[in-house]
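This note sets out a few points for a colleague who is new to reading structures. Please keep the model open while going through them.

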Amino acid sequence: MRLDKILAHLGYGSRKDVKKIIRAGHVLVNGEILRDDDAHVDPDNDEIIVGDDTLEYAEKVYWLMNKPQDVVSATVDPRYPTVIDLLPSNAGHGLFPIGRLDLDTEGLLVVSNDGALAHRLLSPKKHVDKEYEVDLAKDWDPRYEMELSTGILIQDPEYQCKPASVVVIDPKKIRIVISEGKYHQVKRMMAACDNEVVRLRRIRMGGLTLDPHLQPGEFRTLTPLELEQLQKTHG
Ligand code: URA
């Protein structure tokens with residue numbers, strides 16, 4: 001990319017202003033002063049220093065993944081492959097999963113390098129809806145629906161959940177919408193309903209739905225519309 005374009009984009013002034021900065025010798029690329037105001041650089045790999053600033057120019061990228069089981073939603077793990085390992089090596093810089101799913105949970109996960117978006121979606125204050133499809137060991141007992149709708153008490157550790165809603169799909173399958181993300185929350189909620197999760201799949205987060213064409217382990221970039229919906233998601 002053109003160096004003057006990058007600097008203008010980062011707010012160092014107009015293209016004319018930044019050309020002056022470059023010609024004046026204030027820009028170091030990989031340790032050397034670069035005075036050529038037509039120069040091209042590789043912002044992902046070149047170290048660019050302007051005055052006292054080292055530039056962070058990672059383009060924001062947004063991946064929608066159907067997380068498979070036995071893959072960790074973290075950036076590194078000593079034992080299991082991570083969701084980052086599933087993506088191609090040129091998927092983007094500084095990627096991390098926005099939120100955590102258990103090792104055995106599947107489904108919608110956004111992988112990005114947009115820290116501000118992650119904060120908006122994950123902050124406990126925001127209460128962004130998360131919808132899960134839950135396969136159960138025993139038939140669903142509708143008597144628990146009232147308790148879930150007002151906030152069920154879960155254990156290990158004890159916690160009073162926020163209201164959640166349930167839709168029954170068949171006797172051993174429900175969909176549940178929660179607005180928080182405590183450790184093993186859905187599993188602990190099902191335990192409090194005298195049941196047990198045998199398969200858990202996240203199918204929605206705020207305004208973003210899991211693409212049914214993505215098989216576990218598959219991913220694609222978010223469409224501009226999906227990104228807009230996610231950006232607009234508020235709890
Ligand atoms: N609730 C769980 O129990 N596990 C998850 O991975 C997500 C929600």
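1. Helix α6, which spans residues 185-192, gives the most to the shell around the ligand, contributing 3 residues. The reader should bear in mind that this is a predicted model.

2. The residues around the ligand are Leu101, Asp102, Thr105, Tyr132, His184, Gln185, Val186, Lys187 and Leu200. The space that the ligand takes up is the largest pocket.

3. Several contacts to oxygen atoms of the ligand involve the protein backbone. A polar backbone atom of lysine 187 is 3.1 Å from an oxygen atom of the ligand. For histidine 184, a backbone N or O atom lies 3.3 Å from a ligand oxygen atom, and for glutamine 185 the corresponding distance is 3.4 Å. On its own, the ligand has 240 Å² of accessible area, of which the protein covers 95%.

4. A separate point concerns the cysteines. A disulfide is a covalent bond between the sulfur atoms of two cysteines. The structure holds 0 disulfides. Cysteine 161 takes part in none, and the nearest cysteine sulfur, that of cysteine 193, is 9.4 Å away.

5. Why is the sulfur of cysteine 193 in no bond with that of cysteine 161? A disulfide requires the two sulfur atoms to be within 2.5 Å. The sulfur of cysteine 161 is the closest cysteine sulfur to that of cysteine 193, but because it is 9.4 Å away, it is too far for a bond.

6. Are these cysteines buried or exposed? Cysteine 161 is buried, with a relative accessible area of 4%. Cysteine 193 is also buried, and its relative accessible area is 2%.

Definitions and conventions. Residues numbered from 1 in each chain as written. Predicted model: local features only at pLDDT ≥ 70, side-chain atom pairs only at ≥ 80, totals over all residues. Heavy atoms only, no water. Buried < 20%, exposed > 50% of the residue type's maximum accessible area, 1.4 Å probe, protein only. Near = heavy atom within 4 Å. Polar contact = N/O pair within 3.5 Å; in protein donor to acceptor, adjacent residues only side chain to side chain. Areas by Shrake-Rupley, 256 points an atom, 1.4 Å probe, with all protein chains shown as cover. 1 Å grid on protein atoms, 1.4 Å probe; cavity = no way out; pocket = protein on both sides within 12 Å on 5 of 7 lines; lining within 4 Å. Sits in = over half its atoms within 2 Å of the grid points. Helix = DSSP H or I, 4+ residues; strand = E, 2+ residues; numbered from the N terminus.
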